[in-house]
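Reader: I am new to structures of this kind and would like to learn how to read one. May we look at it together?

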Amino acid sequence: MKKKLFAILSCLVILTLVLAGCGGEKAKDTAKEPAAQGKLVDGPFKKVEGLPAIQAPEGFDWKQFAGVELNVISENTPPSSAIAANIKEFEEATGIKVNIQQMDLGTLVQKVGLDFGAGSSKYHVIYADPYQVLAKYSSKFVDLNELEKDPTLPKIPGGLEDFIQSQLEIDGYMGSKDKLYALPYDCPTMVLAYRTDVMAKIKENFLKEKGFDPTPNPNMTWEQYYQVAEYINKHAAELGVKYGTGHQAKQYDSLMCDFSNILNAYGADYFENRDLGGIGAANPGKTALTTPEAIQAFEFYNKLLKIAHPGSKSWDWNGLAEAFAAGEVAMAPEWHEFASMFENPEKSKVAGKVAWTTLPKGPKRSANIFGGTGIGINANASEKEKKAAWLFLVWATSPQTQLMILESPVGGATPSRNSVYNVASVKKAMEDPTSEEAKKMPNLTSMKATLEAWKAENAYGRPKVPQWPQIDTIVFTELSKMLAGQQDPKTTAESISKQVDALTGN
Amino acid sequence: MAGTKVSSRKLITTVLIYTALGIAMVWALLPIIWMVLSSLKTEANMFSMPPKFTFKPTFSTYAFMFTEGNFGGFLKNSMIAAFSSTAIALILGTLGGYALARGNYRRGKDIAFWIISTRMTPVAAAIVPLYIIFAKFHLIGTTFGLVFAYTTFNLPFALWMMMTFFAELPPDMEHAAMVDGATKFQAFYRIALPQVTPGLVATGILCLMFAWNDFAFASVFTSHENQTIPVAASLLVSQTGIAWGQAMATGTVIITPMLITGLAVRKYLVRGLSMGAVK
Amino acid sequence: MPQPQPKGAPSAGGRLARFFTTENMMLAPAMLVLASVSIFPFLYLIYASLMDFSLAIDNPTFAGFRNWLRLVKDPLIFQSWKVTIVYAVTGLGLELILGVGIALLLYAAPWGRNLFVTLWMLPIFVAPVVAGLLGWFLLNSSYGLYAWVLQQFGVHTDIFGTVATALPAVILIDVWEWTPLITLIVLSGLQSLPTEPLEAAEVDGATYWQKLRYIILPLSFRIIVVALLIRSMDIMRFIDTIFITTAGGPADSTKIIGLRLFDVAFRFMDIGFAAAIGLSMLVVTIFLGKAFIRVMYGRE
């Protein structure tokens, strides 16, 4: 009986191994046509005054990949909705069929991981979250430099220089700048949203009492922010809000983001190595969370959340945005792309009463965490698919498409291209929030603050290391315990350090 | 005297029973009623505090979902996946269940337990190996793959339930039929099967429910084209907010076909389950 | 434990004929499908639990029993089991008490039974994902109906943001959705009870409680265990509602083992460790199932 069982089992194991061994067909590289060197010609796409056009070498046949099917996997973010709504332009110009699959980031990470694990290429174009996808699987992505250098293929319009450089570093590279894995695609950044009407009401009395203007501005400190929030709490009834400040402090990624702003504003960071926020590294080295500045940041965050809306502890960014839109809180550090929701009278009671600025300063500076992502190409794809995917990347990240995304009613995400911010209508919308242009592109109401937040002195990138998903979880779990009153700030910092160092082997 | 005492006591008992049932119904149905009401509200009405109980209903959310939202397609996908996996589970489960119940297998109980234990693997653990198989056979993103995945939890359930139903059926009638010249299969098909129809229906409903409600498998094994409703529901939570109107409408859409099916076979359901396990 | 029955050694031809019996032919397709969907995954999980996927997901290295050791040593796993026990025991307990209670009420109700059953079973058709969304929608402190009701009674706690209330809330969502399943199964058992003993007890002047204690409950004992078995299989496997409402927080207070497994498998892509956790959960469920079945047949 046992022998029989053993025989059956071994048969199965062998069968499995055989199955694992075969498969994985090699796609044939089809007809490479001779391309003329040097001269570039505009492609068959809509052109916009003042933006660099999408160009290809002379004689380039835009339809040569007709019939190829591209699977694009993306988080359900505004740009992907806008691209999906306008994909016809690309499909008609190239004959390539594009299937855009949108899902929440967790499911995306799961699907991409499974796909890489199985060695297949179900998805050709991948939304490469810098921390959860790129840092872990950079070797699974095509080096885009080679496609950009290929004389037979279209070029990135405006070149890499037109991307916002700090974003290109975070979204595109991993460990070194030798290889480029992704092109910047979206760029949510945390800045401060506040209610202008509430500030106007308290301004006079507050100034008298505390001696400074309560209206959030680039020079406000976190301590001052605390005082304003506390003041609003006290006068909540007459102001028509419930609490001064709200946060995204659910035991989730959002809690780490919210805390990171304060950690870095206080002059601290997660690791001794401070250069992990840009191109990242395979091993982060030792943690630096028990320095005096870091402990101060933990203490302040704990103090701040005690006077925040109690719902904060169950909100991620969506929950916080809903509460802000419902008029429950007067101030909230929030992703700048929620501006369009706040200005939408159907979803928001506070439309027209919201202004944005960079986050308050700590003893060191104002730190505004960046949460953008690039798109890259699966290295397991066939040569033909890779080239077709390159065409898609060029188009989707081009200034024209980025402008289209900005204007799209289903999207409304902000561009990752310098040149778009120089277009006249965009400039006008940023300058004058009451203009027609601003109404058409409501996201731009937060854009002035966001452009400030992108400057090197204000920008913050979390450490980009392959172990980030685990580190993130340790950080937000321990912080959640601190906020629940189960441990003090110092213990929290020590506990995170201990667990993270054990994880990374430092 | 005694008679009025008894009847008044009976009256009190009846009142108590219906009061308790009334509370239970409020507990069970209020969320669903609120969900349906909310799906008929505008966004502004939906978030008003205190909550609004009277309002002018609008069907715009449904109109949007079924035109631009492609919910008709998702509904179809859900139905195809749920009904075909249920059909497979029922056919194979009925055949196998009968065999197990009548076959005199030496370790029948152990086999039965092994069958039901295959349904106990945690979903997250089962997904990884299934993904590897599916990737090999190019089943990712296909409806067939999803049906196959659903079979992993529905077949053991159906087998086990049907085995229990057949086991409690006295075999005398089948024996008599076989004495009259019927084959074993004919005895199963003509005599035993009609008697367990209620059990079959009940098992089918529960299989349908398990497949219909599934999110974990569907989110991994479907692509945009053959997405099911629970996956579509999860997509309403996006980076820039939750589309609550659509979420509530989705909830309403998701229970409607099951409510209709449930109503249609309600009598079988209550009767059918009574045959299982109680010997 | 069933004893193998001794059988005479059959001849080769007889053995073949014995193999192609009607029963075997009927059983074969189901067994083949089941084997194909369960044996490879099971073997794969054992293999994966001995490998380390953390460096290269498509090229794991041998790890020996490291993943299994982590299972014992990791305090987070231990913590999750603790939460799971509270979650499962409270949830199953409430579902059992309420489910059986409602079934008895329906059984005793002189009229309207079918109507009540139909309405009562509606929650089981609300997919858990939607149930999670609905729970969040009802308990949200900014616009939730239930939160508003609580606020009228002076309760302003944020339900999902507070350690003391988050776990009870997710348990209650589970109870809301699955109690009707227990009711349904138990009620069907009650309806098929033989009527003679009850009538005899009636003649003897037994009170309702006596009938319940000595006739109804003992006779429907087995169906109650079946209902519990079905529910206990799923309560650890499914994480959809918790995932949507609290994602395991605050302070890990709702992080049941299934959720931890999901994190390890699909957020960390630590497939080896995930396989070890998954197998350990399987073992626990199997033991639980065995215990239920033993209880069930122990009364034969």
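Reader: How is the contact between chain B and chain C to be read, and what area is buried between chain B and chain C?

Author: The size of an interface is often given as the accessible area lost when the parts come together. Between chain B and chain C the buried area (accessible area, 1.4 Å probe, that two parts lose on being put together, summed over both) is about 9200 Å², of which carbon and sulfur atoms give 80%. In chain B, the residues that lose the most area to chain C are B:Tyr18, B:Trp27 and B:Met120, together 8% of what that side buries. The model is predicted, so local features need pLDDT of at least 70 and side-chain atom pairs count only at pLDDT 80 or more, while totals for chains, interfaces and linings use all residues. Residues are numbered from 1 along each chain as its sequence is written, chains are lettered from A and ligands numbered from 1 in the order in which they are written, and side-chain values use heavy atoms, with hydrogens and water left out.

Reader: How many salt bridges does the rule find across the interface of chain B and chain C?

Author: A salt bridge is a side-chain nitrogen of Lys or Arg within 4 Å of a carboxyl oxygen of Asp or Glu. The rule finds two across this interface. In a salt bridge with an N to O distance of 3.0 Å, the side chain of B:Lys184 meets that of C:Glu23. By class, the side of chain B that touches chain C has 74 nonpolar, 15 polar and nine charged residues. Here Ala, Val, Leu, Ile, Met, Phe, Trp, Tyr, Cys and Pro count as nonpolar, Asp, Glu, Lys and Arg as charged, and the others, Gly among them, as polar.

Reader: What area is buried between chain A and chain B, and how many salt bridges are counted there?

Author: The area is about 2400 Å², with carbon and sulfur atoms giving 53%. A:Asn76, A:Leu114 and A:Asn318 supply 20% of the area that chain A buries against chain B, more than any other three residues. The count of salt bridges between chain A and chain B is zero.

Reader: Is A:Lys140 buried or exposed?

Author: Buried means under 20% relative accessible area, exposed over 50%, and partly exposed in between (1.4 Å probe, protein chains only). A:Lys140 counts as buried because its relative accessibility is 13%. Contact means heavy atoms within 4.5 Å. Not counting residues up to four places away in sequence, A:Lys140 touches A:Phe116, A:Ile377, A:Asn378, A:Ala379 and C:Asp58.
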